[in-house]
Amino acid sequence: MRQEVGAEERRRLRAGDRRELIARMIQTDGTVVVEELARSLEVTPSTIRRDLALLTEQGTIARTYGGAMSAGHTAEPTLGQRSGLAVAEKDRIGRWAAARIGPGDTVVLDAGTTTGRLAHHLRARAELTVITCGLTALRELAESDGIELITLGGTLRHVSQGFVGPLAELALSRLTADKVFLGADGLDARLGICEASLQQTSLKEMMADRGKEVYVLADSSKLGQSPFTAWAPLDRPWTLVTDSGATDDQLGPFRALPDTEVITV
């Protein structure tokens with residue numbers, strides 16, 4: 001973050017002044033990260049998330065993975081950019097999810113950084129079948145001789161390092177799974193999973209339909225966010241797995257759903 005904030009300025013900031021300063025930082029730097037803002041302004045990450053949520057409602061900024069950008073900026077972050085955000089949270093989520101997978105299970109792993117951490121924690125396992133569209137999971141499991149690894153193929157989205165399209169969907173239509181683990185660019189209790197393209201949401205819907213159990217792995221920065229306009233509705237029982245940094249305001253709409261279990265780790 002290029003704009004420095006003095007100690008005296010931090011001490012005398014009120015909520016409205018802090019949000020105005022955050023908006024100026026975003027205009028100057030283009031993007032900001034929650035953790036960096038919290039350290040710079042000497043407040044909690046939860047406070048920053050609330051500030052960003054209000055600024056988003058006002059149309060001043062747009063939320064991103066773990067931070068925000070200027071409202072006119074709509075570029076999708078690359079997988080490499082996302083891999084450095086919420087690292088510890090994603091790892092805890094991935095570890096929890098891996099513990100839900102037993103010998104003999106067939107599982108579907110979506111593309112993304114959090115499902116990539118799940119794959120990392122499966123590397124030493126055996127007697128598993130893993131179906132995935134994500135290059136991250138493929139790289140993690142390529143040397144795991146005890147895992148039967150099935151790739152869906154299709155058209156590679158370079159920005160997200162995942163395969164999509166009719167060939168991926170055709171391959172998936174021949175398969176079923178015990179458990180499906182989905183990622184998300186954003187997650188809304190009413191609308192479902194938000195993604196950057198309709199190809200992604202179409203494949204996610206189909207993944208959910210092919211599994212007995214469905215888990216959405218989303219760190220707290222994704223909850224209640226809609227950075228893009230394509231949606232995959234979740235119209236079946238499913239489990240949200242997020243990190244312990246999620247607030248009651250974020251979790252409340254999901255806990256109110258009749259067929260949704262909420263897990264924080």
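The following paragraphs describe the internal cavities of this predicted model, one of its helices, and two loop residues with unusual backbone geometry.

The enclosed space comes first. Rolling a probe the size of a water molecule over the atoms shows where empty space is left. In this model the count is 3 cavities of 30 Å³ or more. The largest cavity holds about 230 Å³ of space, and 23 residues form its lining. Nearest to its centre lie Arg 82, Ala 111, Gly 112, Glu 195 and Lys 204. By class, the lining of the largest cavity comprises 8 nonpolar, 8 polar and 7 charged residues. Three elements of secondary structure each contribute at least two residues to this lining: helix H7 (113-120), strand E8 (162-164) and helix H10 (198-209).

Helix H10 may be considered in its own right. The helix consists of 12 residues and reaches 17 Å from its first C-alpha to its last, a span close to the 16 Å expected at 1.5 Å a residue. The buried residues of H10 are Gln 200, Thr 201, Leu 203, Lys 204, Met 206, Met 207 and Ala 208. Lys 204 thus joins two parts of the description: this residue is buried within H10, and it is also among the residues nearest the centre of the largest cavity.

The second largest cavity contains about 70 Å³ of space. Its lining is made up of Val 34, Glu 35, Arg 49, Gly 66, Leu 85, Ala 86, Glu 89, Asp 219, Ser 220, Ser 221 and Asp 243. Of these residues, 3 are nonpolar, 3 are polar and 5 are charged. Val 34 and Glu 35 of this lining fall within helix H3 (34-41), while Arg 49 falls within helix H4 (45-57).

The loop between H3 and H4 is the place of Glu 42. Although Glu 42 is not a glycine, its phi is positive, at about 60°. Which side of the exposure scale does Glu 42 fall on, buried or exposed? Its relative accessibility is 54%, and exposed means over 50%, so Glu 42 counts as exposed.

A second residue of this kind is found after H7, the helix already named for its part in the lining of the largest cavity. Glu 127 lies in the loop between H7 and strand E5 (128-132). Glu 127 likewise has a positive phi of about 60° without being a glycine. Because its relative accessibility is 59%, Glu 127 also counts as exposed.

Definitions and conventions
Residues numbered from 1 in each chain as written. Predicted model: local features only at pLDDT ≥ 70, side-chain atom pairs only at ≥ 80, totals over all residues. Heavy atoms only, no water. 1 Å grid on protein atoms, 1.4 Å probe; cavity = no way out; pocket = protein on both sides within 12 Å on 5 of 7 lines; lining within 4 Å. Points joined across faces, edges and corners; volume = space filled by probe spheres on them. Helix = DSSP H or I, 4+ residues; strand = E, 2+ residues; numbered from the N terminus. Nonpolar A, V, L, I, M, F, W, Y, C, P; charged D, E, K, R; others polar. Expected span 1.5 Å × (residues − 1). Buried < 20%, exposed > 50% of the residue type's maximum accessible area, 1.4 Å probe, protein only.
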